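Open the model in your viewer and keep the selection panel at hand. The stops below run from the domains to the ligand, then to the backbone and a long-range pair.

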Amino acid sequence: MTSQSSQSTYYVTTPIYYVNDKPHIGHCYTTLVADVAARFARFTGRDAFFLTGTDEHAEKVVESAQKNSVTPIQWADQNAAEFEKAFADLNCSNDDFIRTTQPRHTEKVQAYIARMQEKGDVYLGDYVGWFDPSQEEYVTENVAREHDYKSPVTGRDLVKRTERNYFFKLSAYQEQLLAHIEKNPGFIKPEGRRNEVLGRIRDGLQDVPISRAVDENDPASQWGILMPEDPTHRIYVWIDALINYRSAVDTDERRRYWPADVHLIAKDILWFHAVIWPCMLMSLGLELPGCVYAHSYWIREGRKMSKSLGNFVDLPTIDAYCDKFGRDAFRWFLVTQGPMGANDSDFAHSKFVEVYNADLANGMGNAASRVSNMIGKYFDGACPDPQGRTTWDDYDWPALASAAVENALARADEMDLPGALAEGVKLAAQVDGFIHKTEPFKLARDESKLPDVGVILYQCAEALRIASLIMWPAIPDRAAEIWKRFSCDIDPARVSIAELAQWGGLKPGDSIVKGDPLFMRADPKEAAPEPAEASA
Ligand code: MSP
């Protein structure tokens, strides 16, 4: 067995985003959550792979390219680069960025569709239905009627289409899929979403079109991957897009990551991921993902974000927040306050300031500054000697710290990332309470008590070091800054948290520097930071 194969793998994905739009908070959120999940997994010593990317064969890409007088691929290149940059700017640690126009993807898509055809799961037939051009999908007659023949998502007109298409025999997999979902309660999360999907499957699955006929006069129909052996049809963008999760890792070096542990998505695209994709995988004889996690939406200051309201938290706004508070603060807010459950989350400036101050400025930041300040004052900035002690009164620090780490990892494993990160905040708050109770600043007035002060401050600094390890997946820049100030040589990519979080990591005598505030307190009365340029 090689060392790689003996390590457990972890594979997390995000949706691949349409390149006709600019990145905004929604895209950044899903990718940040995946980033934090991947960082937790790596930190526990797992061999993790984190994939994100762009979905480029949509019809609306052709339309936007035309409007901007460029070719579809030029448009895709330009916008894919923006997504890639936005995620890099937010310090996302994705291992790859897949684009569906890349040959490594298009070739695989054709090969997989050919395999489904060989299996007898694809046939030619006629399809008549209501198409939602703004979402690139058909809606059922019922849904169309319910929404007055407008898109249930965007409100734009639905179009009646009749097409000769290749179909995938989705209906053939209904029982197998139901059995899988019933047997694996964690397959669709959260619970409410699982029930939604189960209800709809029980209503019956219908075969789905997987191609569009090429029409000489319609440029949109000339953009996309051709059906294998049939140049008169192109593969429907959704079928092409879903396959990215497999094509990116279908290489000798990466196949070990299959199947994905988590496909992270939002509620808008649950059906594709929880029903169509698993059935395609069954047809291909491939293992199903461990979990499809569908979060809810960000709204802004109490209102749904929309093009017509022009109120998206867009990249210029995100940049303004990162410039003012630091990108870690933005990451922290999104990941700890985001809509992981059934409800939408509000991006309200007042809430941002409240959480930033409570968790970061007055929480971890203030505790670190108090402790390093006292070490500077009473011990000349040298880490004091714990005198072999790990407890003080009823504080058993190694036990408190290891419980925090254990809880955090267990929660991260369940995708409860806010809960995991909160363990770090809690530990930092315990340090604060400990200082309040033991009052080392008073003890220090009596020189004979200095050894005791040293014991207390060592315990504080060591507990904060461990709290910063727990918070690192969300605030990697600031955590690294704490480690630098505490003279710790920590590389989360190399050493697991279990090892790093052992009590006693700080070495007496090593320098502990206070430095500038890690997180400047925010003034709740100050207005939200203004984007530098007007949003598009
Ligand atoms: N291209 C398809 C996905 C194909 S995956 C095989 C697509 N792209 S998208 O650009 O529209 O992105 C949708 C995803 O963006 C959502 O599932 C979610 O991850 C994210 N978000 C978009 N708006 C959002 C919010 N307002 N709030 C949170 N996330 C949202 O669909």
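Start with the two domain centres: taken over C-alpha atoms, the centres of domain 1 and domain 2 are 42 Å apart. Remember throughout that this is a predicted model. To colour the domains, select 4-295 for domain 1 and 347-500 for domain 2, the bounds given by the domain assignment.

**The domain interface**

Now show the residues where the domains touch. Domain 1 brings 18 residues to the contact, and domain 2 brings 21. About 1,500 Å² is buried between domain 1 and domain 2. Carbon and sulfur atoms give 77% of that area.

Which three residues supply 50% of the area that domain 1 buries against domain 2? Select Arg39, Phe40 and Phe43. No other three residues supply more of the area on the domain 1 side.

Next, look for charges. The interface of domain 1 and domain 2 holds 1 salt bridge. Select Arg46 and Asp413 to see a salt bridge whose closest N and O atoms are 3.9 Å apart. Polar contacts between domain 1 and domain 2 come to 2 residue pairs, counting those with both residues at pLDDT 80 or more.

Switch to cartoon. On the side of domain 1 that touches domain 2, α2 (25-43) and β12 (262-266) are the elements that give two or more residues. Which of these elements gives the most? Select α2: its share is 9 residues. Then colour this side of domain 1 by class: it has 10 nonpolar, 3 polar and 5 charged residues.

**The ligand**

Select the ligand and display its surroundings. It is surrounded by 23 residues. The closest are Ile16, Thr30, Asp55, Asp268 and Trp298.

Three of these neighbours deserve a distance label.

- Ile16: a polar backbone atom is 2.8 Å from a nitrogen atom of the ligand.
- Thr30: an N or O atom in the side chain is 2.7 Å from an oxygen atom of the ligand.
- Trp298: a backbone N or O atom is 2.9 Å from a nitrogen atom of the ligand.

**Backbone stops**

Go to Lys189 and Pro190. The peptide bond between them is cis, with omega near -10°. Pro190 sits in the loop between β7 (188-189) and α8 (191-202).

Move on to Trp258 and Pro259. A cis peptide bond joins this pair too, with omega about -5°. Pro259 is in the loop between α10 (244-247) and β12, and β12 also gives residues to the side of domain 1 that touches domain 2.

Then select Glu229. Is its phi positive or negative? Phi of Glu229 is positive, near 65°, in a residue other than glycine. Find Glu229 in the loop between β10 (226-227) and β11 (230-235).

**A long-range pair**

Finish with the salt bridges of the whole structure. How many does a search find? The search finds 38. Side chains of opposite charge can pair when their charged atoms come close.

Select Lys307 and Asp21 as one of the pairs to inspect. Their closest N and O atoms are 3.0 Å apart, and the two form a salt bridge. Lys307 lies in the loop between β14 (298-300) and α12 (315-325), and Asp21 in the loop between β1 (9-18) and α2, so the salt bridge ties together parts that are 286 residues apart in sequence.

Terms used: Residues numbered from 1 in each chain as written. Predicted model: local features only at pLDDT ≥ 70, side-chain atom pairs only at ≥ 80, totals over all residues. Heavy atoms only, no water. Domains from an automatic or database assignment. Contact = heavy atoms within 4.5 Å. Buried area = accessible area lost by both parts, 1.4 Å probe. Salt bridge = Lys/Arg side-chain N within 4 Å of Asp/Glu carboxyl O. Polar contact = N/O pair within 3.5 Å; in protein donor to acceptor, adjacent residues only side chain to side chain. Helix = DSSP H or I, 4+ residues; strand = E, 2+ residues; numbered from the N terminus. Nonpolar A, V, L, I, M, F, W, Y, C, P; charged D, E, K, R; others polar. Near = heavy atom within 4 Å.
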